[in-house]
Amino acid sequence: MCGIAGYSLSGSSSVEKTLAAQALLAGIAERGADAVGYAYAGPSLHVQIHKQRSGASELLDQLLLPANATETLLHVRDYTKGHPRIEANNHPIRHGTVVGVHNGIIFNDDELMDEHGFERAEPQMTVDSEAIFALAEGTDGSAKALEQLRGSMATAWLDDRHPGELSLARGVGRPLWVGAGREELFFASTKQALEVVERYLGLKLRKREVSEGTLVRVSAGEEVGRERFRPDRNFQERPRPAVRAPHEGRSCLRRLAALAAL
């Protein structure tokens with residue numbers, strides 16, 4: 001399984017942007033080591049992406065966010081479709097105006113791309129997750145459109161057309177947790193990753209799991225909208241362990257403790 005995480009902050013939040021991203025990344029690091037990446041946006045700042053073919057431990061020290069980064073996405077990859085040697089297959093993925101991360105597997109991605117006339121963002125791309133973000137761009141983030149996807153999904157995306165807005169969606173088969181503070185909203189694949197944020201940022205978050213078939217819109221650190229959709233459950237998936245790179249998790253948590261002490 002992959003790991004996803006990120007946050008939305010109000011402009012007046014005192015959260016240290018880079019440390020928050022490092023804590024989230026350390027919290028999900030154990031879920032995959034085939035590739036790692038992050039994206040961020042903020043006022044007068046279009047979505048910027050960085051990704052590399054490594055585990056999170058090789059990125060943690062280099063991760064650096066500007067002071068005006070109010071939205072962030074993070075991803076560690078345990079790949080299923082779309083080999084990580086092709087950078088475009090790794091997350092965050094850009095399709096047009098939409099940049100997103102995904103945990104799960106979409107089985108009908110090629111069908112949907114053909115049906116809607118969506119072209120791959122880059123010719124060599126084969127990653128299934130792109131279908132989510134192509135639909136998000138093509139339908140302006142419609143919850144109803146997510147019903148066309150067949151497979152497991154927890155996902156998040158940013159859209160250049162909607163500055164300051166973060167979209168979170170959970171279909172079936174993958175976890176998604178949110179933790180709300182006074183001026184912050186964090187999300188992650190696991191509750192434990194949010195607890196890492198609490199420990200290193202000195203926050204107390206109201207944590208809850210997002211229900212299956214839910215699209216949540218977030219802006220300036222708070223939920224601003226919620227829609228329901230009916231996920232397609234007509235698929236079978238081979239079970240995969242949630243922890244795929246325990247060494248990455250241990251290494252990143254040790255390094256996070258050292259970084260926080262500086």
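Colleague: Over how many bridges do strand E9 (residues 177–180) and E11 pair?

Modeller: Heads-up: this is a predicted model, where local features need pLDDT of at least 70, side-chain atom pairs count only at pLDDT 80 or more, and totals for chains, interfaces and linings use all residues. Residues are numbered from 1 along each chain as its sequence is written, and side-chain values use heavy atoms, without hydrogens and water. Strands (E, at least two residues) and helices (H or I, at least four) are DSSP runs numbered from the N terminus, and two strands pair if DSSP finds at least two bridges between them. E9 and E11 pair in the antiparallel sense, and the number of bridges is four.

Colleague: Which strands stand at the edges of the sheet?

Modeller: Just read along the open sheet: E3-E2-E4-E1-E10-E9-E11, with antiparallel pairing. An edge strand has a single partner, so one side of it is left without a neighbour in the sheet. That fits E3 (45–52) and E11 (206–209).

Colleague: What angle does the direction of helix H4 make with that of E10?

Modeller: H4 (residues 191–201) packs on the sheet, touching E9, E10 and E11, where contact means heavy atoms within 4.5 Å. Angles run from 0 to 180 degrees between N-to-C directions, with axes fitted to C-alpha atoms, for helices over the stretch in contact. For H4 and E10 the angle is about 140°.

Colleague: How does H2 run relative to H3, roughly parallel or roughly antiparallel?

Modeller: The axes of H2 (residues 109–116) and H3 (residues 130–138) come within 9 Å and cross at roughly 30°. Under 35 degrees counts as roughly parallel, over 145 as roughly antiparallel, 65 to 115 as roughly perpendicular and the rest as oblique. So H2 and H3 are roughly parallel.
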